[in-house]
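Work through the exercises below with the model open beside you. Try each task before reading its solution.

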Amino acid sequence: MELIATCAFGLEKLVYDEIKKLGLWVVKKDDGRVVFEGDESALIKANLWLRCADRIMVKVGEFKAVTFDELFDQTNSLEWEKFIGVNDSFPIKATAVRSALHSEPAIQSIVKKSIVKKLQSKYKTEVLSENSNSIYQIIVKSNKDQFTICIDSSGDSLHKRGYREKGDIAPIKETLAAAMIKLSDWNPEKTLVDPFCGSGTIAIEAALIAHNIAPGLKRNFAFDNWKWIDKKKITEAIDEAKQSAKPVEKLPVYCFDIDPVALKIAQHNAMNAGFENIHFKRSDFNDLDFSKFENCTFITNPPYGERLEDIAQVNQMYKDFGKKFAQTKNCSLFFITSNEDFPRLFGRAADKNRKLFNGNIKCYLFSYFSK
Ligand SMILES: C[S@@+](CC[C@H](N)C(=O)[O-])C[C@H]1O[C@@H](n2cnc3c(N)ncnc32)[C@H](O)[C@@H]1O
């Protein structure tokens, strides 16, 4: 099968490396996606193990279409019966850019009709009840008249690991937090500090990496209910993942936040994820003694000041943070913000500056390496 791992712009290389590490054959990487080959086991493994990808899709077909008749016929020629059973549901979601066929509702309706017709003829029935618990979410994307039709195997986006409690804090996506860690110089022997930890996502993702725990181990996937996926293979992959987890004696991960409510949520999330060994403390970063931090890696997602009235306050915060960080000894810093002016406020040019998206917000991961 041809499989597609989708991801946020800027994370393609990380997802590419993760897929390779799973021993799978990568075909190519494009903007926001990495195409790879694999069987059922590859699909299960990718969903369980990829830390930076959003979804794993099964590619059903690719073709050019500029009229609705062409779209109908091309869709109809694909082997839908290989995937979808007579009673299974198959909702359609379409997006189209720079294409002759640009009405997304119309594309959805034609694709639906075409698949229905194909399945009716294959199963020799007029009735497709769509009432089984197997859901095949069909994703149709058209770019410059080139259609790609896939089935989403993940269900909820892969950033939903299953450990997070709802709260008012603006949490960073787990996939982006994992990416920041992978782009940093941190390894589990080094002390990790998050002075603006919020709900603790960065710390928890670091703990998952340190223990070699598959990020998808605590959640369900759409493919769990697919009839053509051998349940034994799912159990095997889960058992294998459980066995790969390794105990870590000491986890030097320190989290601080000024907000007691955020800290409570962070501690709760950490417990949900199975980590009692992350250190949480309520503190304004201004009150911390930064001279005590030596050979540490700071990875953090501070307030950005997206609202106009907050900008002056956040600018001052970045200046203060620069003064505090200058007191550390041989520490590195990986700081994500949408504020392009951060290095000037912080007081030092970054060694590296990488463009990343936090949801729809264009951000920069300003990286400062230790000597
Ligand atoms: C964008 S949120 C961090 C979200 C976090 N990465 C997560 O995944 O939940 C920024 C955090 O900085 C905290 N904060 C704001 N001012 C602070 C200060 N002076 N010292 C410490 N924490 C502060 C806020 O309480 C908030 O939780």
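The exercises cover salt bridges, one helix, a charged patch and two loop or helix positions.

This is a predicted model, where local features need pLDDT of at least 70, side-chain atom pairs count only at pLDDT 80 or more, and totals for chains, interfaces and linings use all residues. Residues are numbered from 1 along each chain as its sequence is written, and side-chain values use heavy atoms, with hydrogens and water left out.

**Exercise 1. Find the salt bridge between Arg 161 and Glu 205, and place both partners.**

Step 1. Apply the criterion: a side-chain nitrogen of Lys or Arg within 4 Å of a carboxyl oxygen of Asp or Glu. Arg 161 and Glu 205 meet it at 3.0 Å, N to O.

Step 2. Locate the partners. Arg 161 lies in the loop between strand 7 (146-152) and helix 5, and Glu 205 in helix 6, so the pair ties together parts that are 44 residues apart in sequence. Helices (H or I, at least four residues) and strands (E, at least two) are DSSP runs, numbered from the N terminus.

Step 3. Check exposure. Buried means under 20% relative accessible area, exposed over 50%, and partly exposed in between (1.4 Å probe, protein chains only). Arg 161 is buried at 2%. Glu 205 is buried at 0%.

**Exercise 2. Describe the surroundings of helix 6.**

Step 1. Count the covered positions. Nine of the ten residues of helix 6 are buried. Among them are Thr 201, Ile 204, Glu 205 and Leu 208.

Step 2. List the packing partners. The buried residues pack against helix 5 (174-182), strand 8 (191-194), strand 9 (253-257), helix 8 (260-273) and strand 11 (296-300). Contact here means heavy atoms within 4.5 Å.

Step 3. Look past the helix end. Asn 212 follows helix 6 and has a positive phi, near 50 degrees.

**Exercise 3. How many salt bridges does the whole structure hold, and which residues are linked with Lys 59 in a network?**

Step 1. Take the total. The search finds 16 salt bridges.

Step 2. Trace the network. Salt bridges link Glu 2, Lys 59 and Glu 62. Between Lys 59 and Glu 62, the N to O distance is 2.6 Å.

Step 3. Compare exposure classes. Lys 59 counts as buried at 19%, whereas Glu 62 is partly exposed at 39%.

Step 4. Add another pair. Lys 28 bridges to Asp 30, with the closest N and O atoms 3.9 Å apart. Lys 28 is partly exposed at 38%, and Asp 30 is partly exposed at 31%.

**Exercise 4. Which residues form the patch of negative charge on the surface?**

Step 1. Name the members: Asp 230, Glu 236, Asp 239 and Glu 240. Patch residues have over 30% relative accessible area and no salt bridge, and like charges are joined within 9 Å.

Step 2. Place one member. Asp 230 sits in the loop between helix 6 (201-210) and helix 7 (231-244). Its relative accessible area is 35%, so Asp 230 is partly exposed.

**Exercise 5. Are Asn 133 and Lys 113 buried or exposed?**

Step 1. Take Asn 133, in the loop between helix 4 (104-123) and strand 6 (137-143). At 55%, Asn 133 counts as exposed. Its C-alpha is 7.7 Å from that of Ser 89, 44 residues away along the chain.

Step 2. Take Lys 113, in helix 4. At 52%, Lys 113 counts as exposed. Lys 113 and Thr 75 are 38 residues apart in sequence, and their C-alpha atoms are 9.6 Å apart.

Conventions: Patch = residues over 30% accessible without salt bridge, like charges linked within 9 Å, V, L, I, M, F, W, Y side chains within 5 Å. Areas by Shrake-Rupley, 256 points an atom, 1.4 Å probe, with all protein chains shown as cover. Lys, Arg positive; Asp, Glu negative; His and termini not counted. Charge placed at Lys NZ, Arg CZ, Asp CG, Glu CD.
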